[in-house]
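Please look over the sequence and the structure below. The report that follows starts with a single residue and then moves out to the chain.

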Amino acid sequence: MRRAALVALAALALVAPARAEDATLALATTLHQQIARCWAVPTDTPAKIEMVRVKVSLTESGELDGSPTIDGPVAGDPATKAFAASAVRAVVRCAPFRGLAELAPYATWKTLLITFRRPDM
């Protein structure tokens, strides 16, 4: 898989109380950089698959607090399921997440909704 495809992780949507825009952007950038390194996008992902959202709860040390889950329905076809599974694996592989406490209060990143978008293959 080309390195460029790994960087195709979409901007992160944070599900938390609104904070200063710069802190939210810094969190999104930090998480993007960490997760993009761990995401192996299935090479046969069809164009009809646009994105999947993964809901994650973290401890104060940045470790996973439970298993990540897909937010919303996932179509029954194998390609969509493989894409969603790759997103969950990326989150699990990259945990624990480092540097978040320096960027924003824990309440801001305790629960995250991370959007994975299909890269242009």
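Is Thr115 buried or exposed?

## One residue in a strand

This is a predicted model. In it, Thr115 has a relative accessible area of 4%. Buried means under 20% relative accessible area, so Thr115 counts as buried. The residue belongs to strand β4. Its side chain is in polar contact with the side chain of Arg53, at 3.4 Å.

## Strand β4 and its partner

β4 is mostly covered, with five of its seven residues buried. The strand pairs with β2: the two run antiparallel and are joined by seven bridges. As one example of facing residues, Leu113 in β4 has Lys55 opposite.

## Helix α3

How far apart are the end C-alpha atoms of α3? The model puts them 24 Å apart. The helix has 17 residues, and at 1.5 Å a residue the expected span is also 24 Å, so the two values agree. The expected span is 1.5 Å times one less than the number of residues.

The buried residues of α3 include Phe83, Val88, Val91 and Cys94. Smaller names on that list are not left out: Thr80, Ala84, Ser86, Ala87 and Ala90 are buried as well. Together, the buried residues of α3 pack against α2 (21-36), β2 (51-57), β3 (69-70) and β4 (111-117). Strand β4, described above, is therefore one of the elements that α3 packs against.

## The loop after α3

Between α3 (78-94) and α4 (106-109) there is a loop, and Pro96 lies in it. The peptide bond that joins Ala95 and Pro96 is cis, with omega at about 0°. Most peptide bonds are trans.

## The chain as a whole

How many helices and strands does the chain have? There are four helices and four strands. Along the sequence their order is α-β-α-β-β-α-α-β.

The chain has 121 residues, and 39% of them are buried. About 6,500 Å² of the chain is exposed, and carbon and sulfur atoms supply 53% of that area. Contacts can also be sorted by how far apart the residues are in sequence. Of the contacts between residues at least 6 apart, 80% join residues at least 24 apart.

How values were computed
Residues are numbered from 1 along each chain as its sequence is written. This is a predicted model: local features need pLDDT of at least 70, side-chain atom pairs count only at pLDDT 80 or more; totals for chains, interfaces and linings use all residues. Side-chain values use heavy atoms; hydrogens and water are left out. Buried means under 20% relative accessible area, exposed over 50%, partly exposed in between (1.4 Å probe, protein chains only). Contact means heavy atoms within 4.5 Å. Accessible areas come from the Shrake-Rupley method with a 1.4 Å probe; for residues, only the protein chains shown count as cover. Two strands pair if DSSP finds at least two bridges between them. A polar contact is a pair of N or O atoms within 3.5 Å; within protein, one must be able to donate a hydrogen and the other to accept it, and residues adjacent in sequence count only if both atoms are side-chain atoms.
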